Amino acid sequence: MTQLEIPKGEIGQIRLFAVNRPIDKLARDLRDGSKEALIADLLGRSVPEGSAELFPVSDLTGVGLARYLNNGYAVPPDQISRDRARLDALDGYVLLLFSSAFEGQETTLKLGPDLTMIGTYGETQPDMSVIPLEAESAQPYTGAADMTPKSPPKGGAGGMMVLLAVIVLIGLILWWLL
């Protein structure tokens, strides 16, 4: 039994396994049950939906597993080149296990004879560097602070509202009396 240590907070890693069960047995298991149940059986634990992918390599005819990893999951070609011969030689079913399967928790996977680890590949991460802002308006404390609040307009606007309300009230009373 092989142990695989997953560090806490891992993101962007894809683990590729060859599935060592006979193809006809896997096809029957998939037909009789769910793919998630079969993945849980292979790994010895359940994983969140969408965090693992199980498929036959024959589904990638014309594309190949190496190009699928490169184009589909942004794995850099230099990572794939070291395992290209192994990737091209794979047949039967493979299992892709993504970092999201562990939900950021430190985990130890105990792999049985049904899975053979082929490789771990890192997805290309976006450049998160910050470009310094040089413009004067982007610098802190560059705005001119207006410390004196604007005074409200002076005048009899409030008195006009009261006069208008009284006129409306007198009009309603007269209308009710008639």
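Which elements cover the buried residues of α2? The list includes β2 (13-19), α1 (23-32), β3 (52-56), β4, β5 and β6 (115-122). Keep in mind that this is a predicted model, and read what follows in that light.

## The chain overall

Let's start with the big picture. The secondary structure adds up to 6 helices and 6 strands, and along the sequence they follow the pattern β-β-α-α-β-α-α-α-β-β-β-α. The radius of gyration is 34 Å, while the globule rule gives 16 Å for 178 residues, so the chain is more spread out than a compact globule. The C-alpha trace spans about 95 × 55 × 35 Å along its principal axes. If you want one pair to put a ruler on, try glutamate 36 and isoleucine 170: their C-alpha atoms are 78 Å apart, with their positions 134 residues apart along the chain.

Spread out or not, there is plenty of long-range wiring in sequence terms. Take the contacts with a separation of 6 or more: 80% of them come from residues 24 or more positions apart. As for burial, 31% of the 178 residues make the cut.

## Surface and charge

The accessible surface comes to about 12,400 Å², and carbon and sulfur atoms own 59% of that. On the charge side, the chain carries 15 positive and 22 negative charges, and the mean positions of these two sets sit 3 Å apart.

## Helix α2

Back to the helix from the opening question. Leu38, Ile39, Ala40, Leu42 and Leu43 are the buried residues in α2, and the elements covering them include both helix α1 and strands such as β3 and β6. Glutamate 36 belongs to this helix too, which runs over residues 35-43. Glutamate 36 has a relative accessible area of 44%, so it counts as partly exposed, falling between the 20% and 50% cut-offs.

Just past the end of α2 comes glycine 44, with a positive phi of about 80°.

## Serine 99

Now for a residue tucked away in a loop. Serine 99 sits between β4 (93-98) and β5 (107-111). Its relative accessible area is 6%, and because buried means under 20%, serine 99 counts as buried.

What does serine 99 touch, leaving aside its neighbours within four places in sequence? The contacts are Glu10, Ile11, Gly12 and Gln13. With glutamate 10 there is also a side-chain to side-chain polar contact, at 2.9 Å.

## Two backbone oddities

Most residues other than glycine have a negative phi. With that in mind, two residues deserve a look. Alanine 74 is not a glycine, yet its phi is positive at about 55°. You'll find alanine 74 in the loop between α3 (65-73) and α4 (77-81), where its relative accessibility of 35% makes it partly exposed.

The other case is glutamate 103, again not a glycine, with a positive phi of about 50°. Glutamate 103 lies in the loop between β4 and β5, the loop that also holds serine 99. Is glutamate 103 buried or exposed? At 59% relative accessibility, glutamate 103 counts as exposed, whereas serine 99 is buried.

Conventions. Residues numbered from 1 in each chain as written. Predicted model: local features only at pLDDT ≥ 70, side-chain atom pairs only at ≥ 80, totals over all residues. Heavy atoms only, no water. Helix = DSSP H or I, 4+ residues; strand = E, 2+ residues; numbered from the N terminus. Buried < 20%, exposed > 50% of the residue type's maximum accessible area, 1.4 Å probe, protein only. Polar contact = N/O pair within 3.5 Å; in protein donor to acceptor, adjacent residues only side chain to side chain. Contact = heavy atoms within 4.5 Å. Rg over C-alpha atoms; globule rule 2.2 N^0.38 Å. Areas by Shrake-Rupley, 256 points an atom, 1.4 Å probe, with all protein chains shown as cover. Lys, Arg positive; Asp, Glu negative; His and termini not counted. Charge placed at Lys NZ, Arg CZ, Asp CG, Glu CD.
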